[in-house]
Amino acid sequence: MPNEVTAPATPAAQEAPGLRRVLGRRDLVLLFVVAVFNLNVVPSIAANGGVTVWLWIISLVLFFWPQGIAVIELAQRYPGEGGVYLWAKKQFGDFHGFLSGWCYWTNNMMYVPTIMLYFVGVSVFAFGPGHQALGDNKIFALTASILLLAVLVVLNIIGLGVGKWINNVGAIGTFVAAAVLIGLGAIVWLRFGTAVTSADFQIPANPRFVLNSFGVICFGLVGLELASVMGDEIDNPRKILPGAVAWGGVLSGLLYIGATLTLLIAVSKQDISVLQGIVQAVSHMASRVNASWIVAPFAFLLSVSIAGIGSAWLAGSARIPFVAGLDSYMPSWLGKVHPRYATPYAALIVHALVSMILVVVNFIASNVQETFQKLLSLAVVLQLVPFLYIFAALLKISADPAFTKVRYSRTTLVFAGASGLITTSMAIAVAFFPAVQITSLFLYEVWMFGGTLLFVGLAAFFFFVYGRRKAARALAATPAA
């Protein structure tokens, strides 16, 4: 595109190290399940009732399957580092690549605080009976969220929170939690039956509260784009990647649907807390089978898992500016690394400060569960923007008269691109419909529209204004030949 600032090639991009291809099909399937299956979004979805099971199925067919096709096709056409940033840049130009990477990064500024709030809501169950109300106490929830975020930032700066073990803790905890939840649900169903009826799966007379959950469902199914980052470490990706995507999708879908149904079996939708729903369900079912002792250790394990996931997302999102090349358009000090620990401490601190401010601002006018839902809804919008580019890229590639087949035919790309683009657009639109936890429609819409315009406007400012000025200063400082 004319008159755009082009990011200079970085040494890392010029001298990519050789990587061993050690990831097989089983490794990829597990990676996709861990990346996609997000247990903390299930309560906010299940709170809308059994109709959300149909939304899960629709999203798996119309969003998740096209996402798999898009990732496989684009990763093979553009195998370089960068993923969503690189694909948008190749097809639509530098600014669109920047905006795609920017939204992928900044959505975590909303998502990480939701993880902190989720940690607070779950951890109070580890204290034993009588402490659950603390999860809805604004002062306690705000203080605990800020303290946990500060601890995670410090750990990531000194390097203790960055490493394979923290991801394994999150993955193991998530799998154990899902297994216990679904296992108890199966036992209760077999022994006592369920109060859930076919009427619970019908579209309600007023579906506006259900609409928001469709965007959250699509948000929960994001994660296959990680394959583009791991491409150089996959053994024979052209052969095993499609099968791994399929199996990862099937397993993730079954886990999501199973967890949603279990919550509905154990807790009525009116009583499901978006923060404590998982532990509520385990507590209720455990008491029915005389196993209440399991609740406190379950809550502790899930809390550790949530903290690990939060640390991993915090660490990863702080590195996205390096991967996407955003440092070319932003203050150079954001790219600083700690002189002792060699970690991106400036980006970590900025990320944490913005997240803290967003939490405090929302707590002023909202309760704990409403704050969680507002942060999650805006994260949904920003997270799905890169997928508009992903699916639009498929349509542009298939419309090229000089189209050459790489993995999929033109017809498959057209269907996947159209299905994904329409579904993603709908998911973004319905995120602006309030969830049942929202008390003020006006304040919610101000938050959603204002937040979206703010972050997109900041992207335009950094790219067109700050980036151009920075390039001009760099040019002026270059000695004349």
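**Close-up 1. Helices α6 and α7 pack at an angle of about 120° in this predicted model.** The pair consists of α6 (residues 94-123) and α7 (residues 138-158), and their axes sit 9 Å apart. Helices here are DSSP runs of H or I with at least four residues, numbered from the N terminus. Axes are lines fitted to C-alpha atoms over the stretch in contact, and angles run from 0 to 180 degrees between N-to-C directions. That angle makes α6 oblique to α7; under 35 degrees would count as roughly parallel, over 145 as roughly antiparallel, and 65 to 115 as roughly perpendicular, with oblique covering the rest. The crossing is right-handed, meaning that the near helix is turned clockwise from the far one by less than a right angle (anticlockwise would be left-handed).

**Close-up 2. Helix α6 has a kink of about 30° at Met109.** The bend comes shortly before the proline Pro113; a bend at a residue is the angle between axes fitted to the seven residues ending there and the seven starting there. End to end, the 30 residues of α6 reach 44 Å from first C-alpha to last, close to the 44 Å expected at 1.5 Å a residue. That expected span is 1.5 Å times one less than the number of residues. α6 is mostly covered, with 29 of its 30 residues buried. Buried means under 20% relative accessible area, exposed means over 50%, and partly exposed is in between (1.4 Å probe, protein chains only).

**Close-up 3. Helix α4 kinks by about 40°, and the bend is centred on Leu60.** With 27 residues, α4 spans 38 Å between its first and last C-alpha, close to the 39 Å expected. Because 20 of those 27 residues are buried, α4 is largely enclosed by the rest of the structure. Its axis comes within 8 Å of that of α16 (residues 410-430), and the two cross at roughly 125°. α4 and α16 are therefore oblique to each other, and this crossing is left-handed.

**Close-up 4. Arg77 and Glu73 form a salt bridge within α4.** The structure holds 1 salt bridge, a term for a side-chain nitrogen of Lys or Arg within 4 Å of a carboxyl oxygen of Asp or Glu. Here the closest N and O atoms are 2.6 Å apart. Both partners belong to α4 (residues 51-77) and sit 4 residues apart, about one turn of the helix. Arg77 is partly exposed at 23% relative accessible area, while Glu73 is buried at 0%.

**Close-up 5. Gly93 follows helix α5 with a positive phi.** The value for Gly93 is near 110°. In α5 itself (residues 84-92), the buried residues include Tyr85, Leu86 and Trp87.

**Close-up 6. Asn290 and Ser292 sit in the loop between α12 and α13.** Asn290 has a positive phi of about 55° although it is not a glycine. Asn290 is also exposed, with a relative accessible area of 70%, whereas Ser292 is partly exposed at 45%. The C-alpha atoms of Ser292 and Val282 are 8.7 Å apart, with their positions 10 residues apart along the chain.

**Notes for every view.** Residues are numbered from 1 along each chain as its sequence is written, and side-chain values use heavy atoms, leaving out hydrogens and water. Since this is a predicted model, local features need pLDDT of at least 70 and side-chain atom pairs count only at pLDDT 80 or more, while totals for chains, interfaces and linings use all residues.
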